[in-house]
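Dear colleague,

I am handing over the structure below, and my notes on what was found in it follow directly after. Please read them with the coordinates open beside you.

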Amino acid sequence: MNGGLTELPGIGEKISSKLISHFGSEQKALEVLIKRDVASLAEVPGISEKYAISIIHEMISSEEGVSPDDFLKTNEAMNVYERLIGLIRSYSHTTYSRSKLSTYFPYPSRNSDSIRSIQSDIKKYIELAQKISRSKNDELDTCLKRVRNLKAPSNVTKSRDRVIVADNKKDFETLKNNDIDHYLDISHVDNFHELIDLARGYSQTLVLGNKFTANDLPEDVSIEFVDDAKDIWWLVPEVTIGFFAANKEPVESALEVIKLIRSRSGFELCTYLNDQAMAELSGELSMITPDGELVLGVDQELDRLKDILKRFNDVLKSVLKKANNDLSERMEKSTVTLKGSQLLGMFGEKGADSGLKNMLEKEVNKAYAEVIGESKETIKKELSLRSFEMQHVDLMFNDEVVYPIEINYRGVESFKNAINKQLVSRSLEMKRSSAKKLSKYEKTCKDVVKDMLEFDMYYAIGLFSVDYELRMPKLTKKAGINLQNARNIFIGGPSAKKVEPVNYSVGVKNPETKAEKVVILSGVNSGGKTTMLDLIAQVTILAHMGFPVPAESAEIGLVDELLYFSKSKGTLSAGAFETTIKDFSTVISKNSKVVLVDELESITEPGASARIIAGILETLHDNDNCMAVFVSHLAEQILKNTKYPIRIDGIEAKGLDANLNLIVDRTPRYNYLAKSTPELIVERLTKLSDGEKKEFYTRLLNKFKQNN
Ligand SMILES: Nc1ncnc2c1ncn2[C@@H]1O[C@H](COP(=O)(O)OP(=O)(O)OP(=O)(O)O)[C@@H](O)[C@H]1O
């Protein structure tokens, strides 16, 4: 696919601009389409899942020249396909898989290569699903459910502590184009004073370029110069970490799935990621929080600095309270003993006040200094401060005695700033180290998630296949089927032991038949004729999708079309009858086909129906590569209207049980016209009655026998 979006089928200007604005670029939108990622497409506002599926179908149609209705020629055929896909989709754990499964549909025989290639893709997943033991609420299911397409971080918290300044326009533009301003302030400065003014507003300033490196820096700013090109993880590690933080859950879950699958089955999954790399990536991911911060415990120094800022106000408050109490307690307890000379000194030349005041001041100062000293020690201990950090603590307390003790808030501010500066620089250092390790896994993570989503799709097919005991059919070139121990998927649910397995063969030679390809299936009411048609439709559709089928063994001839006509409800009006006959005209095409028709007779009166059915059967018989099963109660009348060797098979009731329920053998008997239910009921009434009644029932029963 070389062209742009609008060159794709079904994508006009309007949809194209919607896709570009949603995915961020035309290239990204194209990637979604190439991946056939219906789920992502359906997230675009205004595009429903159904519409997304049809867009992908159109793409497949232009690439491979096929679309679902090439094969599924009637509503009923489409209906069976949709029910099957619905069932398979229910085994998905992810929206991606659920939606993408709808891009699989049956291919006509000319695409037999695609069918066979899908078969071989699927086989190993069926084996895997068979091998893997799963319990209810399995960890594997839980993890798979958490894998989803990776997203750009949405609610990034912009750091107000750091700024990146470019000393030239080019670098500034590069920063802007990389959306660095989502994470940090960015700026462009022309002169040194401007830079210093700006730097004073931040804990850390990074300057791109060497225009100002020769200038002397004032002490109150922290500036780092970078004069050569640096990777994004170094400049703004938040960008790299942000991506992993936003996608922590899907990536960690994908890794967990790989681990579980590898340990339970040895299945080769994401072979480009070995156990060691996986452990390193898991380890690095476990060190970041979903908001892009480093978790506690990664670095003791970082934790210490964070803890100081978190607990400082409370510690200071309690220290101050204690200091005031201590000071007042000490003063309460203190007694001043004056010597006589001191007492007399009060009356000396220097005056009374100064001597006593000096002495008292000395006493109070001593107590104050002790209390403040203890307070500082407590702060140091409580917050694990380093000695050099104590210079700021010293500034928080006045040297002059004031009671109650007062805090110097400028000292507090300078303490907090100093700690914050250390925190910013330490955190940057640690984030760079984490971002460096993570950045080398960015592509791997994208691949792992993409592959796990794809895995979920194949795995869903595998699980479906195991639950319904499906097997890969043998594909042949001529229309026809041969089913052994086949079970209709729509009755009884997964592994339904209630469903009686059936054998049936049309168009394929076996000891009992001559490979007749056009047959009438007769049988008792509720014998299972419709169920048989549904089963043939299921098997035909699944086989043409390259999927396994519900039969212990199956041989299926690839054809171009499936035409399935379900039973019409009652006699049709003249108009509806005309439409139905027109619908049937599709059988005349020379394409190879499977045609399934359920009780067409109810569209009009029996005589006319038998003639019409006979005509249709003859047309189908004339097509060399066509197989047809017509369910009908009018087998005899139909045969009277044609000379063609149409085979009649029958689903036979072996009898009635005590409650008048049919005992049915669900496998059709070849070349056998099955008795109808009314006959069986009359037979039973005959057996159970006597006298005049028995005579009456016998007369009715004989009427059936005469017709035979
Ligand atoms: N192989 C089977 N195993 C178990 N149940 C079956 C099987 N085949 C059919 N049934 C059940 O028998 C019932 C009747 O089946 P179905 O409708 O296919 O009969 P029918 O011959 O088409 O009847 P009618 O002539 O009235 O249309 C359904 O409930 C179906 O689920």
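To begin with a single position, Ser573 counts as exposed, because it has 8 C-beta neighbours inside 10 Å and a residue with 12 or fewer is placed in that class. Please keep in mind throughout that this is a predicted model. Ser573 is found in the loop that runs between strand 12 (561–565) and helix 23 (574–584), and its C-alpha atom is separated by 8.6 Å from that of Thr604, which is 31 residues away along the chain.

Turning to the interior, the largest nonpolar core has 153 residues, and those with the most contacts inside it are Val539, Ile613, Val629 and Phe630. Helix 21 (residues 442–467) supplies the largest share of this core, namely 13 residues. If residues up to four places away in sequence are left out of the count, Val539 touches Ile481, Leu483, Ala486, Val549, Pro550, Ala551, Ala554 and Ile556. There is also a second, separate core of 16 residues, which includes Leu302, Leu327, Leu383 and Met396.

As for the ligand, 14 residues lie around it, and of these Gly528, Lys529, Thr530, Thr531 and Arg666 come nearest. Helix 22 (residues 529–545) gives the most to this shell, with 3 residues. Sorted by class, the shell around the ligand is made up of 7 polar, 4 charged and 3 nonpolar residues.

With best regards

How values were computed:
Residues numbered from 1 in each chain as written. Predicted model: local features only at pLDDT ≥ 70, side-chain atom pairs only at ≥ 80, totals over all residues. Core = buried A, V, L, I, M, F, W, Y, C linked by C-beta atoms within 7 Å. Buried ≥ 20, exposed ≤ 12 C-beta atoms within 10 Å, placed from the backbone. Helix = DSSP H or I, 4+ residues; strand = E, 2+ residues; numbered from the N terminus. Contact = placed C-beta atoms within 7 Å. Near = placed C-beta within 6 Å. Nonpolar A, V, L, I, M, F, W, Y, C, P; charged D, E, K, R; others polar.
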